[in-house]
Amino acid sequence: MWNRRAQPGLCAFMTPKRVQMMVLVIGLSLVSCDKGGQPETVGSVPAPVPQGSATPSPQPGEPSPQQRVTTQDVLVKGLRAPWEVAFLPDGSALVTERDTRKIKKITKGPGHDAPYAVSDVGLIEEADPGGEGGLLGLAVSPNYAQDQTLFLYYTAANDNRIARWKIGAKPEPIVTGIPISGVHNGGRIAFGPDGFLYATTGDASTRGLAQDLNSLGGKILRMTTDGKPAPGNPFNTLVWTLGHRNVQGIAWDGWGRLWATEFGSTHLDEINLIEPGKNYGWPQFEGAGNDPKFKDPVFAFPVGESSCSGMAISNNNVLVAACLRGQRLILVPIGKDGPVAQPIPQLVREYGRLRGVVNAPDHSLWFITNNHDGRCTSNCDIHADDDRIVRITVGP
């Protein structure tokens, strides 16, 4: 059962004191916030945290504090609850569909009316859709040109799991036993700049799992391509960080820092700066707890204005989060010392629920809608072309 409850929109993104004062401001409208309300930073951003021994990419310059979506173009129509998009070395893309369990390939089409063609290339029969589970994350091997290997995160009958997969073959599980539930299954996987595979897991609706180092639930994991703990992991296990409710977005900025989006419960969703071995406080805290044993979020948002899933970093210095319940993109310009401006909402309710956003080879971004994921309610209209992939560019 879906256990998130919609909250009234608040014009300010809330600090812990504002959480306590919620009853005093409950009447403020979401529309007023969209017209210029400014959120607040609720945590500090330390110096860049090395994520591994790989040579860092060139550091970007400082971004403009005024970022916006400058162009948008619908590329693909008629998908059903797409969950992840990943690009192959030849520039084509693969997309997972959560409920159909299909993997589709997207290639350049014949003309303006059909700029991209879509074909089925796989069906993950072991995936077991239901609720928030099914075929979820997808990552392309850094050595794909040589090994033709992909990595999948999916819900099976009794657990969530991560598997190696080649097109035309059966998945080969490398991590099993990730807790399963109708909700809070995590599911995002991505290779970091250190060459290791990172995965996000949910608490599977069992709050204590997030604090249990013997459980894979409510964690960010870091592993080799064989599913073994990566060298340097803080607990000598797969666990990289703990105390998460349900992380569904991770991305690295140009300074090598890892950022994550996290679903809260009834009050606050989060954007976190991820540091190895840190505890992010769930279920003790939702939003900032001001307790030195836990790492506070950098930003916290009312759930009705956010509930962000996938994320990407544009131009190495603009965090872009795709939000489901908030039906928007949230842009955060980032400099070497952290955010340089308050979060900037874009495309509010223009495309409905947004599941993910990825960097494309041409330096644009692609985001995917999720209006067929079963969560559209009276404030979310299903467009005749849904679900869609939209290409955008971001700039000052």
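## Close-ups of a predicted model

**View 1. The largest pocket and the strands around it.** The biggest contribution to the lining of the largest pocket comes from β18, which supplies five residues. Keep in mind, for this view and the rest, that you're looking at a predicted model. The space inside the largest pocket comes to about 1200 Å³. There are 44 residues lining the largest pocket, and the closest to its centre are Phe 191, Ala 312, Ile 313, Val 358 and Asn 359. If you want to trace the wall strand by strand, look for the elements that give two or more residues to the lining: β2 (82-87), β6 (135-140), β10 (189-191), β14 (247-252), β18 (308-314), β23 (354-359) and β25 (389-395). What sort of residues make up the lining of the largest pocket? They split into 27 nonpolar, 15 polar and two charged.

**View 2. The second largest cavity.** Rolling a probe the size of a water molecule over the atoms is a handy way to see where empty space is left. Searching the whole structure turns up six cavities of 30 Å³ or more. The one to look at here is the second largest cavity, with a volume of about 40 Å³. Its lining is made up of Arg 245, Glu 262, Phe 263, Gly 264, Leu 268, Glu 270, Trp 282, Phe 285 and Glu 286. Sort the residues lining the second largest cavity by type and you get four nonpolar, one polar and four charged.

**View 3. His 244 and its partner.** Glu 262, one of the residues lining the second largest cavity, turns up again here. Its side chain is joined to the side chain of His 244 by a polar contact of 2.9 Å. You'll find His 244 in the loop between β13 and β14. Is His 244 buried or exposed? Its relative accessibility is 0%, so His 244 counts as buried.

**View 4. An open sheet of four strands.** Strands of a sheet pair through backbone hydrogen bonds, and they can do that either parallel or antiparallel. In this view, four strands line up in the order β10-β11-β12-β13 to form an open sheet, with antiparallel pairing. Which strands sit at the edges? They are β10 and β13 (239-241), each of which pairs on one side only. Going from one strand to the next, the twist averages 30 degrees. Now zoom in on the middle of the order: strand β11 (residues 197-200) pairs with strand β12 (residues 220-223) in the antiparallel sense, over four bridges. To pick out one bridge, find Thr 200, whose partner in β12 is Ile 220.

**View 5. Asp 194 and its two side-chain contacts.** Stay with that sheet and look at the loop between β10 and β11, where Asp 194 lies. Asp 194 has a relative accessible area of 13%, and since anything under 20% counts as buried, Asp 194 is buried. Which side chains does the side chain of Asp 194 touch through polar contacts? One contact, of 2.7 Å, joins it to the side chain of Tyr 198. Another, of 3.1 Å, links it with the side chain of Arg 222.

**View 6. Strand β8, covered on both faces.** Why is strand β8 (residues 160-165) described as largely enclosed by the rest of the structure? Because six of its six residues are buried. You can check that face by face: Asn 160, Ile 162 and Arg 164 are buried on one side, and Arg 161, Ala 163 and Trp 165 are buried on the other.

**View 7. The neighbours of β8.** Strand β7 (residues 150-155) pairs with β8 over six bridges, in the antiparallel sense. Together, β7 and β8 make a hairpin with four residues between them. One bridge to look for pairs Phe 151 with Arg 164 in β8. Strand β9 (residues 172-178) also runs antiparallel to β8, and four bridges join the two. Among the pairs here, Asn 160 has Ile 178 of β9 as its bridge partner. The hairpin of β8 and β9 has six residues between the strands, and in that hairpin Gly 168 takes a positive phi near 95 degrees.

**View 8. Gln 342 in its loop.** Last stop: the loop between β21 (338-339) and β22 (344-346), which holds Gln 342. Gln 342 is partly exposed, with a relative accessible area of 25%. Look for Leu 331 too: Gln 342 and Leu 331 are 11 residues apart in sequence, and their C-alpha atoms are 8.6 Å apart in space.

Definitions and conventions:
Residues are numbered from 1 along each chain as its sequence is written. This is a predicted model: local features need pLDDT of at least 70, side-chain atom pairs count only at pLDDT 80 or more; totals for chains, interfaces and linings use all residues. Side-chain values use heavy atoms; hydrogens and water are left out. On a 1 Å grid over the protein atoms alone, a cavity is a set of points where a 1.4 Å probe fits but cannot get out, and a pocket is an open set with protein on both sides within 12 Å along at least five of seven lines; lining residues have an atom within 4 Å of a point. Grid points are joined across faces, edges and corners, and a volume is the space filled by probe spheres set on the points. Ala, Val, Leu, Ile, Met, Phe, Trp, Tyr, Cys and Pro count as nonpolar, Asp, Glu, Lys and Arg as charged, and the others, Gly among them, as polar. Two strands pair if DSSP finds at least two bridges between them. Axes are lines fitted to C-alpha atoms, for helices over the stretch in contact, and angles run from 0 to 180 degrees between N-to-C directions. Buried means under 20% relative accessible area, exposed over 50%, partly exposed in between (1.4 Å probe, protein chains only). A polar contact is a pair of N or O atoms within 3.5 Å; within protein, one must be able to donate a hydrogen and the other to accept it, and residues adjacent in sequence count only if both atoms are side-chain atoms.
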